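Visitor: I'd like a close look at a single part of this one, the place where two helices pack against each other. Could you walk me through it and then show me how the rest fits around it?

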Amino acid sequence: MKKIFFASALALSILSCTESKSENAPAMENAVDNADSKLSSTRYSKGQNMLDAIYYEQIKNDESLKRLDKKIILLQEDSRKVKDLYNDILRKNDEYYSDAEYGAKSINDSVLRKQIINLVKESSDKYYLKTQKLKKLTIQINRNSQTIYSYYVAFKIRKTLPEIEKYQNAHPLKTDSLENFIKKQNELLNELKKLK
């Protein structure tokens, strides 16, 4: 009997809480709610976060911002491709000189070994000089990419802050329903304590 009473009291308190919750929820649609519904289905598959979800929800009808967004994404992708291409070339050359030096050191004839080691070193030094400009340019590409990304993130935050603040105003954090629920829990707890 006590178990039935406890279960029905608990069910009633949970039902009353959810009823008051649905009564308090405003029926206002906005970018935050739309973004959240889309985000929950794609968050783990695409790695998208709430900032990006709200931003993309906001720009979906703005062609100029969509073009800007696409331009930034393509530039970042191209930057990665260019760096990967040159990194692959550099890796192959570095690997060659490492292998050539190792191979030269394994030559038995000391005179020939010294001659080949010097030959490899001379070629390696020339190659090093050739790559200095390339490495400086790669560093500049990295800096530019980071600066573009930083400004892009700052723009997205500025663009979405008013939207999240609008959402907050539409969903004020009233504690009445939580306080009422705690009151019901305490009443039920007191009743249960009396049943000892």
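Guide: Before the packing itself, a word on how the geometry is taken: axes are lines fitted to C-alpha atoms, for helices over the stretch in contact, and the angles run from 0 to 180 degrees between N-to-C directions. Also keep in mind that this is a predicted model.

With that in hand, take helix H4, residues 63–105, and helix H5, residues 110–170: their axes come within 9 Å and cross at roughly 160 degrees. Angles over 145 degrees count as roughly antiparallel, so H4 is roughly antiparallel to H5. As for handedness, H4 passes H5 in a left-handed crossing. If you sort the residues in the contact of H4 with H5 by class, you get 21 nonpolar, nine polar and seven charged.

Now let's pick out a few residues on these two helices, starting with H4. Lys 66 sits in H4, and its relative accessibility is 34%, so Lys 66 counts as partly exposed. Tyr 56 is 10 residues away from Lys 66 along the chain, and the C-alpha atoms of the two are separated by 8.5 Å. Further along, Tyr 96 is also found in H4. With a relative accessible area of 51%, Tyr 96 is exposed, because the cut-off for that label is over 50%. Tyr 96 pairs up in space with Val 120: the two are 24 residues apart in sequence, and 9.9 Å apart from C-alpha to C-alpha.

Over on H5, have a look at Thr 160. Its relative accessibility is 6%, so Thr 160 counts as buried, the limit being under 20%. Thr 160 also has a partner a long way off in the sequence: Ile 54 is 106 residues apart from Thr 160, yet their C-alpha atoms are 6.5 Å apart in space.

Stepping back to the whole chain, the protein has six helices and zero strands, so to speak α-α-α-α-α-α from the N terminus on. Of its 196 residues, 19% count as buried.

One more helix deserves a stop, and that's H6, residues 176–194. At 1.5 Å a residue, its 19 residues should span 27 Å, and the end C-alpha atoms are indeed 27 Å apart, so the expected and modelled spans agree. The buried residues of H6 are Ser 177, Phe 181 and Leu 188. Look down the axis of H6 and those buried residues fall within an arc of 35 degrees, which means they line one face of the helix. Turn to the other side of H6 and you'll find Lys 183 and Lys 194 exposed.

Methods
Residues numbered from 1 in each chain as written. Predicted model: local features only at pLDDT ≥ 70, side-chain atom pairs only at ≥ 80, totals over all residues. Heavy atoms only, no water. Helix = DSSP H or I, 4+ residues; strand = E, 2+ residues; numbered from the N terminus. Expected span 1.5 Å × (residues − 1). Buried < 20%, exposed > 50% of the residue type's maximum accessible area, 1.4 Å probe, protein only. Arc of directions from axis to C-beta. Parallel < 35°, antiparallel > 145°, perpendicular 65-115°, else oblique. Left-handed = near helix turned anticlockwise from the far one by under 90°. Nonpolar A, V, L, I, M, F, W, Y, C, P; charged D, E, K, R; others polar.
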